[in-house]
Amino acid sequence: MKNLGVVITDGVGFRNFILSDFIQEAKTNFKEVIIFSCLPKTVYKDFDLNCKIIELEVFEESFYTWFFRKAKEVTHLQLHAKGNFGISDNLNITQSKARNPRGYATRFIHWYSRLFHSENRILRYNRWQQQTFRSNAITKQYTELLKENNISLLFFTHQRPPFIAPLIFAAEKLKIKTSAFIFSWDNLASKGRMAGNFDFYLVWSNLMKQELLTFYQSIKEDQIAIVGTPQFEPYVLNKYGYDKETFDKRFKIDHNKPTIFFTCNDASSENDPVYLEILAEFMAQRKLVKEVNLIVRTSPAEEPVRFKRYIEKYPFIIWNFPDWNISREGHQEAWTQRVPSVADLNDLKSLLQHCDLSVNVLSTITLDAFIFDKPVVNPVFGSETNGWFDDQKFLKYEHLSKLVDSDSTHIVKNDDEYLEAINKILSHIDPKKEERAKFLELQIGGSLEGTSKRISQILEKI
């Protein structure tokens, strides 16, 4: 049997692969499982994983590493921008007006990549990026760790963070096979390039497999395995969640009223507070067909300071502030160091399970709600012309255009549509049950039960 190295890059990877059954399943298929953690080792202390945990030193990019990574990313976006609104939008976002070396370099990269963009050029930039690690002290450290632990396969639980690139290089140098799990439903059709190249790729569904083959032309079909995603596996594990009575007590729910579950994105989703206030006013002005409980869950990626005035203005709102603790200060990607607790996963599962409808601005939580067969309302009032933050543009992103086409959710673009959609659901007029199931089948290629076991068995075959 072989030794498996599992790279936990961030708090979401921690939730997906530590709070699921993955580690226990992997231990049945490998001689030893070693966790290489980009999070502090202390975050694992309350878990009986019974495996070795190695805390990786924080990697900071040199200018040269950054330059080739940026060239790779922008060239990838240039190559696929035509006919893909999400990629062209992200290409615009990567531009810079800064008057510093990186700002000037970014403008040069954009100019040059408009003229020259191909898969071969992207692969060349990736080689040059990797060569910047040849004499890097942290690479030497990573190389020794992989050798000392006799790693046969290195499994990355996220394919994009730039700080995993030197670990990929160390594995390449030692000819250790690498595999990567594609992190989210939007990562391929709208985001920039991966941190590096891997030998094998684990994807959610056949849809994601086709996206990978489309946007990464050097990857072959036999390098890809469809496994589903452990992101949702805790929802079918009995060890998580509360029964209805415990839930009602936990959140002080009036069980005679239906419950609306409003979830927030991070601050980049500028209209979240507006949609929340409109909903709160519907309640205050008795415009809803029934009295309801309203529970608001803020984003785990930020502190909820932008909602302070709503906490004071609407005392009837029940708040759920995610229990994601900052495990390390001063990291180059601070949000990656936020780590969820078991209690928070219990909260989230119970909120989804026991609510009557979910409201969010085109978040992945839409899929979570569908798993519990809950109707979803997606308010997107902002357009190019009305002066709001333009969140309607995201409907043109490839992964969300499929959501629109599926007709599985209530996408609302003004107050009247918002009120009508909520009142229809509260009146039990929601003919979208079949559409929700079909959309889940499109996005998740496998049953939630046994996801960790399936992933572990695929890795063992690699």
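How far apart are the end C-alpha atoms of helix α6 (residues 119–131), and what should its 13 residues span at 1.5 Å a residue? The end C-alpha atoms of α6 sit 18 Å apart, which agrees with the 18 Å that the helix should span; the expected value is 1.5 Å times one less than the number of residues. Helices here are DSSP runs of H or I with at least four residues, strands are E runs of at least two, and both are numbered from the N terminus. The model is a predicted one, so local features need pLDDT of at least 70 and side-chain atom pairs count only at pLDDT 80 or more, while totals for chains, interfaces and linings use all residues. Residues are numbered from 1 along each chain as its sequence is written, and side-chain values use heavy atoms, leaving out hydrogens and water.

The buried residues of α6 (under 20% relative accessible area, 1.4 Å probe, protein chains only) are E119, R121, I122, L123, Y125, N126, Q129 and Q130. As for what they pack against, the partners are α3 (63–80), α5, α8 (165–173) and α9 (206–215), with contact meaning heavy atoms within 4.5 Å.

Helix α5 (residues 101–115) also holds W111, which is partly exposed (between 20% and 50%) at a relative accessible area of 44%. W111 joins F108, L115 and F116 in a nonpolar surface patch of about 410 Å².

Over in strand β6 (residues 200–203) lies Y201, buried with a relative accessible area of 4%. Leaving aside residues up to four places away in sequence, Y201 touches A180, I182, M194, L212, I219, Q223, I224 and A225. Y201 and Y216 are 15 residues apart in sequence and 11 Å apart in space, C-alpha to C-alpha.

Note on methods. Patch = residues over 30% accessible without salt bridge, like charges linked within 9 Å, V, L, I, M, F, W, Y side chains within 5 Å. Areas by Shrake-Rupley, 256 points an atom, 1.4 Å probe, with all protein chains shown as cover. Salt bridge = Lys/Arg side-chain N within 4 Å of Asp/Glu carboxyl O.
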